[in-house]
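Thanks, everyone; please bring up the sequence and the structure on your screens, and I will go through the packing one contact at a time.

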Amino acid sequence: MLDVPFWLWAAFAATVVVSLTVDLLAHRSAHVIGFKEAAAWSGLWVGLALVFGAVVFLVLGTTAGTEYTTAWLLEKSLSVDNLFVFAVIFAYFKVPRAYQHRVLFFGVIGALVFRGIFLSLGVAVVSRFTAVLFAFALVLFYSAYKLLKDEEESFDPGKSFAVRMLRKVVPVRDEYAGAKFFVKEAGKRVATPLLAVVAAIEAADLIFAVDSVPAVLAVSDDAFIVYTSNAFAILGLRALYFMLAGLLDRFHYLSKGLAIILAFIGVKLVLQASHKMISSDIPEIPSPVSLAVIVVVLAGSVVLSLRRPPPASSERPDPPVGPSAGPPDRDA
């Protein structure tokens, strides 16, 4: 484990809190976020992550800095697939575009908490039971297979566990009430569909954690590296969604690239576990090599997608392109 000074943990926590506060104040009034605004915010989050990475390089050394950068880029690339699920959820609940940022903001807070719990458990388990890395590798190989064969499990927002539990805990009305999560009807407090959307977003993040947590633990088993890289990747997820909304289908080879990355990380896990449990003669894949592979595969996937446009019909859902003033067709 790295000997991380307390002030660096404090600086990270302060950066996250200040970033979320600034973001909330900047978007306190509901409005449609356009491409330019989303691109500016996305650039800010990426810049912030890279600056923090430079601090990690200077304070903790080259190895730690390389692991942080690799883990952040890996999580950033895997998060792109989340964007398609966000599009499905927003379309299912017919969420007006002006309220989508508010939903994703609270989704990010939930993701930071849940990822922190999962990653802490993952680090603790790996440190005690190295053999679990083989199981993590199998998860990544299976995820890669599904992506290559286009056999990703469909996500039904209305049937997710979180949404079903919400309905049992509190009544959910059919109509939106601006950006409010709760309203009073006949003296009783009821939830609006917007709260159901947040629940669906959180449920989706739990599903994606199955891939991302084993993947980042293949890069590093240090709690500071895995959590800070995840946090900065998650912080920029909302801006990335609004920047790429309407363009997601153009990057149709990206899923294949992600499959290659997941398979590569799976191999890295197998070698890592074998090196520790079987023989120290078995080589491990260095972090600089992992970083280079991720960069090359991602760049190749994007370039190939742009050079070979997708067919007219697409299996991916289109994100909602305009506000929907009416109530959702389905029960929220």
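Val108, Ala111, Leu112, Arg115, Gly116, Leu119 and Val123 of helix 4 meet Ala223, Val226, Tyr227, Asn230, Ala231, Ile234 and Leu235 of helix 8, where contact means heavy atoms within 4.5 Å. By class, the residues of this contact divide into eleven nonpolar, two polar and one charged, with Ala, Val, Leu, Ile, Met, Phe, Trp, Tyr, Cys and Pro counted as nonpolar, Asp, Glu, Lys and Arg as charged, and the others, Gly among them, as polar. Helix 4 covers residues 97–128 and helix 8 residues 223–235, and they pack at an angle of about 160° with their axes 10 Å apart; the axes are lines fitted to C-alpha atoms, for helices over the stretch in contact, and the angles run from 0 to 180 degrees between N-to-C directions. Helix 4 and helix 8 are therefore roughly antiparallel to each other, given that angles under 35 degrees count as roughly parallel, over 145 as roughly antiparallel, 65 to 115 as roughly perpendicular and the rest as oblique. Their crossing is right-handed, a crossing being left-handed if the near helix is turned anticlockwise from the far one by less than a right angle, and right-handed if clockwise.

I should say that this is a predicted model, in which local features need pLDDT of at least 70 and side-chain atom pairs count only at pLDDT 80 or more, while totals for chains, interfaces and linings use all residues. Residues are numbered from 1 along each chain as its sequence is written, and side-chain values use heavy atoms, with hydrogens and water left out.

Overall, the protein has eleven helices and two strands, taken as DSSP runs (H or I of at least four residues for helices, E of at least two for strands) numbered from the N terminus. Of its 332 residues, 49% count as buried, meaning under 20% relative accessible area, with exposed over 50% and partly exposed in between (1.4 Å probe, protein chains only).

Let me turn to helix 7, residues 193–219, which packs with helix 5, residues 132–148, at an angle of about 125° and with the axes 9 Å apart. That makes helix 5 oblique to helix 7, and the crossing is left-handed. Here Phe136, Val139, Leu140 and Ser143 of helix 5 make the contact with Val210, Asp211, Pro214, Ala215 and Leu217 of helix 7.

Which residues of helix 7 meet helix 10? They are Pro214, Ala215, Leu217, Ala218 and Val219, and their counterparts in helix 10 are Ile265, Lys268, Leu269 and Gln272. The axes of helix 7 and helix 10, the latter residues 254–277, come within 9 Å and cross at roughly 55°.

Val219 and Lys268 also appear around serine 287, whose contacts, leaving aside neighbours within four places in sequence, are Thr66, Glu67, Thr70, Val219 and Lys268. Serine 287 lies in helix 11, residues 287–307, and at 11% relative accessibility it counts as buried.

As for the strands, strand 1 (residues 182–185) and strand 2 (residues 188–191) run antiparallel and are joined by four bridges, where pairing requires that DSSP find at least two bridges. They form a hairpin with two residues between them, and alanine 186 in the turn has a positive phi of about 55°. Lysine 94, in the loop between helix 3 and helix 4, likewise has a positive phi, of about 50°, although it is not a glycine.
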